[in-house]
Amino acid sequence: MTDFWTRFNEMAAAAELTDTGKLFAASNFHVGHNGGGTSAWERQVGETGWKVLITDIGGCDHVSEDGTWIVGAHNDNGDYVDRCVEAATVAEALAAADAFDLALGGHVVTPAATIGDKIILARAFGSNVQEELSRADFRAVLELNRNDSATCHTHDFCDANMLMLDAFKVTFEREPAFLTNPDDGEDLALWNDAWQIAKAAEFFA
C-alpha cells in the first residue's frame, strides 16, 4: 500500500470516530476517495452499481465546515443523477440518501438522471403533508399506506393534490405543464414519481 493510501485510510478511520462520522457510519456510509484529492461519505445501493455520495456544499470534502451537505449518486458506468439534493443537517442528508436508495434500488421506477428533482419535490410534498395533518391522522396515513401498495391514503384526510401542487410550484417556481397541456408527460412523470418516493419514504418523517 502506498503512503497516500495509508494516510487516506488513517484519515477515513479517524473521520468515522467523530460525532458526525458515527452518524454516517451507523447508516453504513464510509469515507471514499473520489479522485483529485476529493472525498465523500459513500454507500453502495445494493447490487445495482449505484453509489450514493454525501459531501460538503462544495462537493469536494467529507467534512462540512458549515453543517450543510449535498447528496448525489453515480454508478460504475459513469452515469449520474443530474441534480443533487441539499441538506441542512446530517439527518436530512441521510433521509435524502435513503430516498436515493428507494429510487435507485428499483422500489420506484424512474429514469436515474431525474431522481434529484423528484427527491427535492418529494421532500417538499412530505413537509406539506406533515404540516397539514394532525399527528393522529398522519400516523393513520402511514399505517394505511404500509398495507396498501396501490393507493396513497393522504387523500383520505386532505386534498393531497393541492399539497403536491403547492410543493411543485415552490420547488420549480412554476405550475406543472400538464395543467395547460394534458399531453405533457414530463411533468406528470415528475409529479407521480415524486409522490411514489414520498410515500415510500413515509413523507420523510
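**Helix packing, salt bridges and unusual backbone angles**

Helices H4 and H6 (residues 160-172) pack with their axes 9 Å apart and at an angle of about 130 degrees. The model examined here is a predicted one. With angles over 145 degrees counted as roughly antiparallel and those of 65 to 115 as roughly perpendicular, H4 and H6 are therefore oblique to each other. Their crossing is right-handed. On the H4 side, the residues that take part are Asp117, Ile120, Leu121, Ala124, Phe125, Asn128, Val129 and Glu132. They meet Ala160, Leu163, Met164, Asp166, Ala167, Phe168, Thr171 and Phe172 of H6. Sorted by character, the residues of this contact comprise 11 nonpolar, two polar and three charged.

Helix H4 has a further partner to visit. Spanning residues 115-132, H4 also packs against H7, where the two axes come within 8 Å and cross at roughly 60 degrees. Because an angle of this kind falls in neither the roughly parallel class, under 35 degrees, nor the roughly perpendicular class, 65 to 115 degrees, H4 is oblique to H7. The crossing of H4 and H7 is right-handed. From H4, the contact draws on Asp117, Lys118, Ile119, Leu121, Ala122 and Phe125. The residues of H7 that they meet are Ala189, Leu190, Trp191, Asp193, Ala194, Trp195, Ile197 and Ala198. This contact divides into 11 nonpolar residues, three charged ones and no polar ones. Asp117, Leu121 and Phe125 of H4 are listed in the contact with H6 and also in the contact with H7.

One residue of H7 deserves a closer look. Tryptophan 195 lies in this helix, which covers residues 186-200. Is tryptophan 195 buried or exposed? Its relative accessible area is 9%, and because values under 20% count as buried, tryptophan 195 is buried. Leaving aside residues up to four places away in sequence, tryptophan 195 touches Phe125, Cys152, Thr154, His155, Ala160, Asn161 and Met164. Among these neighbours, Phe125 belongs to the H4 side of the contact with H7, while Ala160 and Met164 appear on the H6 side of the contact with H4. Valine 45 offers a different view of the fold: tryptophan 195 and valine 45 are separated by 150 residues in sequence, and their C-alpha atoms lie 21 Å apart in space.

Charged side chains provide another set of links. The structure holds nine salt bridges. In one of them, aspartate 101 pairs with arginine 43, and the closest N and O atoms are 2.8 Å apart. This pair connects distant parts of the chain, since aspartate 101 sits in helix H3 (residues 90-104) and arginine 43 in strand E2 (residues 38-44), 58 residues apart. Arginine 43 has a relative accessibility of 9% and counts as buried.

Further salt bridges are found around helix H5. Glutamate 143 and arginine 146 meet through their side chains, with an N to O distance of 3.5 Å. Both residues lie in helix H5 (residues 135-146), three residues apart, or about one turn of the helix. Glutamate 143 is partly exposed, at a relative accessible area of 43%. Which residue does arginine 146 join in another salt bridge? The partner is glutamate 202, with the closest N and O atoms 2.6 Å apart. Here, too, distant parts of the chain are linked: arginine 146 is in H5, whereas glutamate 202 is in the segment after H7, 56 residues apart. Salt bridges that share partners also join Arg43, Asp98 and Asp101 into one network. Glutamate 202 is partly exposed, with a relative accessible area of 26%. The two glutamates that pair with arginine 146 can also be compared by position: glutamate 143 and glutamate 202 are 59 residues apart along the chain, and 9.8 Å separates their C-alpha atoms.

Finally, two residues draw attention through their backbone angles. Glutamate 173 is not a glycine, yet has a positive phi of about 55 degrees. This residue is found in the loop between H6 and H7. At 74% relative accessibility, glutamate 173 counts as exposed. Phenylalanine 204, also a residue other than glycine, has a positive phi near 60 degrees. Phenylalanine 204 is located in the segment after H7.

Technical notes
Residues numbered from 1 in each chain as written. Predicted model: local features only at pLDDT ≥ 70, side-chain atom pairs only at ≥ 80, totals over all residues. Heavy atoms only, no water. Helix = DSSP H or I, 4+ residues; strand = E, 2+ residues; numbered from the N terminus. Buried < 20%, exposed > 50% of the residue type's maximum accessible area, 1.4 Å probe, protein only. Contact = heavy atoms within 4.5 Å. Axes fitted to C-alpha atoms, helices over the stretch in contact; angles between N-to-C directions. Left-handed = near helix turned anticlockwise from the far one by under 90°. Nonpolar A, V, L, I, M, F, W, Y, C, P; charged D, E, K, R; others polar. Salt bridge = Lys/Arg side-chain N within 4 Å of Asp/Glu carboxyl O.
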